[in-house]
Structures are given as C-alpha cells and as structure tokens.
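Please look over the model shown here. This report walks through selected features of it, one topic at a time.

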Amino acid sequence: MERKDFETWLDNISVTFLSLTDLQKNETLDHLISLSGAVQLRHLSNNLETLLKRDFLKLLPLELSFYLLKWLDPQTLLTCCLVSKQWNKVISACTEVWQTACKNLGWQIDDSVQDALHWKKVYLKAILRMKQLEDHEAFETSSLIGHSARVYALYYKDGLLCTVFSVDYNDELDILVSGSADFTVKVWALSAGTCLNTLTGHTEWVTKVVLQKCKVKSLLHSPGDYILLSADKYEIKIWPIGREINCKCLKTLSVSEDRSICLQPRLHFDGKYIVCSSALGLYQWDFASYDILRVIKIPETANLALLGFGDVFALLFDNRYLYIMDLRTESLISRWPLPEYRKSKRGSSFLAGEASWLNGLDGHNDTGLVFATSMPDHSIHLVLWKEHG
C-alpha cells in the first residue's frame, strides 16, 4: 500500500476505532494481536512499558517529588531506592524524610547538617542499633580484675570508674559532697581535702548525692545556682550549694507517707527534673515547682531500680536483667542478662556509665560503658555497647 493510501486508511480506521465501546476496542485489539508476528509483538512490548510505567520521580519537579516521598514510611523508601539509580538519587536527597525517620526512632538530630545522604546513612545506622536493642544484642560484657577484696562502692564520672562510696564534685566550686551511713551529707574542700560542712536531717543512710547546676527559675532558686540533692530510703532533700557552704534544706520530697514504700537507691537530676524509682513506679518531679509531673507504673511482677533517665530512654535493672525503657511509650524495649551479684541496699555497688544516649541516640554516643557492678570474686562486671555492625 502506498504511503498516502495507508495514511488515509489509518485516519478512517482511527475514526471508526474511537467510535467503538471499550469492549469493542478490546476485541479489536485482541484480534489484531492474534494476527501479529514476532516483530509486531516486540514492538508492542517495548512501547507498552514506556506508556504504562511512567517514571513520575523523573518527570515531576524535585520539590513535588519530595512532598510525595514524605507520605511513605522509611522501609518502603529503602525498597524504592532499589528501583533505579535515579530513584535512589532522588530519595536519598530528601533530607526531611530521613531526619524525621531518625527522630521517630529516638535519634538526636543536628538540624545544621543538611547533607541528605548523611541522614540516610544515619537512619541505616539507627535502624541497625534499634534492631540490636529489640533483639537484646546491643551490648557485650567484660570484667575488671585486680582488687584483692570485695568492692562495695563504685563511682563513674567523665569516663573514669572509681571504687568509692556515693560522692559528687564540682571543680568550679572546688567542692566534693559525700553521702554517709551516719545519716549525714558532708561538704569537702576538693583541693584541701578538709570537711567544710556537715548537713543533717536524714533519718536513714544517705545512698545518693548529686551536685548539679539549676536550669530553671523558681521562688527558691535561679538558673545557674548550684543545687545538691541527697536521698535516703524514704526522702530526697534539696540543698543550695554556693561558695558559701552553710545552707539549709530547701525542700524534702517523698512518694508516700507509708514507710513500707521505699525509694530505690538511685536518683536522677539534670537541673530541670528529678526522677527516682520506688515500688509505686518511676516518679518525675518538675524542679521549678516541685510538682509531680509523671508517674510511670512498673509491672507488679518487676522490682526495677533506676539507673538513668533521659528525654527518650530510661535505664533500669533488677537482679536478673538490665532494661531499656522507651519513655515515649513507657514500654521496655530491650534487656540484657546480668550475672548473679549482691545488690547492696545503699546502691553503691552498681552504676550506669555514659548517659548522653538516654536523651536520644546519635550514632556516636552509643559507645563505652553502660553498666558496672561489683562481683563476689572481687572483680567488676561491665556491660558495654557493641560496636556497630
């Protein structure tokens, strides 16, 4: 057929085809396909793929692609990265998507870092670490050997693990504070080693002292003031500590007037909140008002003690396991077995290590010491973060 005659025939059949119903169109196509040979079928295959599988990420403006990607969950996005190099490039470049995914995992985010590929890598590292936590495989153990007698007290600060009772110190004030079994808190000159003051008022062993700068304002203190917290079996006392060391107790906190309800021998204070555990649960006080902000109930079968408390996670333990609680859901998300050891009543034979990860993991703060306790064989049992796989 000549080209001109073919074009005329094609125009006529096109007009007729457009006038058909969908069913008739389908039957016409089926008939034409049945008459086609290998060359025609190959032609159909190549062109149909282009028509039916349009690459919308390639066709859309980048800003609109990013908007659509925000509606997909991270695992789906990772699967989409496998579609093509172009998809992987576009999806990996969506900074907001990967930052949000990291935040949802409890990861700390530095918004000043705008390298999108960096945040995708951070997410992959985060998902691996969270999977290790869920599978109870995030830690490893080690031991320190060298003591000739049982270690009854441990203290950790700034990367140093010491075998002393409950103390805290501040270089700026040149002060060290210590809790004692004689129901007192002593304030020492750090450089001279002399006792400057003895604080009284406790009716039980002082099992924990914390020296920290205040970060909130109230009628009793201002931001920047140094505050000393001391805890015994039933009460937490709050003291102002400055260059003048003669001080009176500002406030006494407790969870119950019932003396059968004891505080666990651990205390958290970051300048804004006070947290302590008891048989009734984890109590969180607002330091500006001393009001109880939150009580996290612990399962009745558990007798968990507090080791550390942050914005995202809490570190707890009992006689068998070390636990991590996600404070957003108040659920225990990971645990690690502990060896048999004697948990001292004053809480001095065990402690938490680095604590910055409790405010959210960032890919760098999940290293080093997590937990330490003294053992009957005079060694010190350590729980450490595993290196990233």
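The sections below cover charge pairs, backbone angles, a surface patch, cysteines and one strand residue.

## Basis

This is a predicted model. Residue numbers start from 1 along each chain as its sequence is written.

## Salt bridges

The structure holds 7 salt bridges. Side chains of opposite charge can pair when their charged atoms come close. Three of these pairs are described here, beginning with Arg3 and Glu7. Their side chains meet in a salt bridge, 3.1 Å from N to O. Both residues sit in helix 1, which spans residues 3–19. They are 4 residues apart, so about one helical turn separates them. Arg3 is exposed, at 56% relative accessibility. Glu7 is partly exposed, with a relative accessible area of 37%.

Asp135 pairs with Lys131. The closest N and O atoms of this salt bridge are 2.4 Å apart. Asp135 has a relative accessible area of 33% and is partly exposed. Lys131 is partly exposed, at 45% relative accessibility. Another salt bridge joins the side chains of Asp326 and Arg328, at 2.8 Å from N to O. Is Asp326 buried or exposed? Asp326 counts as buried because its relative accessibility is 8%, and the cut-off for buried is under 20%. Its partner Arg328 is partly exposed, at 42% relative accessibility.

## Positive phi angles

Most residues other than glycine have a negative phi. Asp174 is not a glycine, yet its phi is positive, about 55°. Where does Asp174 lie? Asp174 is in the loop between strand 4 (167–170) and strand 5 (175–179). Asp174 is partly exposed, with a relative accessibility of 28%.

Phe183 also has a positive phi without being a glycine; the value is about 75°. Phe183 belongs to the loop between strand 5 and strand 6 (185–189). Its relative accessible area is 34%, so Phe183 counts as partly exposed.

## A nonpolar surface patch

Which residues form the nonpolar patch on the surface? They are Leu29, Leu32, Ile33, Leu35, Leu41, Leu44, Leu48, Leu51 and Leu52. Together they have about 850 Å² of accessible area. Two or more patch residues come from each of helix 2 (22–35) and helix 3 (38–52). Helix 3 gives the largest share, 5 residues.

Take Leu35, a patch residue that lies in helix 2. Leu35 is exposed because its relative accessible area is 61%, and exposed means over 50%. Leu51 is another member of the patch, and its place is in helix 3. Leu51 is exposed too, with a relative accessible area of 53%. How far apart are the C-alpha atoms of Leu51 and Trp107? They are separated by 42 Å, and the residues are 56 apart along the chain.

## Cysteines

A disulfide is a covalent bond between the sulfur atoms of two cysteines. How many disulfides does the structure hold? The count is 0. Cys80 is in no disulfide, and the nearest cysteine sulfur belongs to Cys81, 7.3 Å away. The cut-off for a disulfide is 2.5 Å between sulfur atoms, so Cys80 and Cys81, at 7.3 Å, do not qualify. Cys80 is buried, with a relative accessible area of 15%.

Cys249 is in no disulfide either. The nearest cysteine sulfur to it is that of Cys247, at 8.9 Å. Cys249 is partly exposed, at 30% relative accessibility.

## Asn170 and its contacts

Asn170 is in strand 4. Is Asn170 buried or exposed? At 14% relative accessibility, Asn170 counts as buried.

Which residues does Asn170 touch, not counting those up to four places away in sequence? Asn170 touches Ile175, Leu190, Leu211 and Tyr226. Of these, Ile175 falls in strand 5, which covers 175–179.

Notes: Predicted model: local features only at pLDDT ≥ 70, side-chain atom pairs only at ≥ 80, totals over all residues. Heavy atoms only, no water. Salt bridge = Lys/Arg side-chain N within 4 Å of Asp/Glu carboxyl O. Buried < 20%, exposed > 50% of the residue type's maximum accessible area, 1.4 Å probe, protein only. Patch = residues over 30% accessible without salt bridge, like charges linked within 9 Å, V, L, I, M, F, W, Y side chains within 5 Å. Areas by Shrake-Rupley, 256 points an atom, 1.4 Å probe, with all protein chains shown as cover. Contact = heavy atoms within 4.5 Å.
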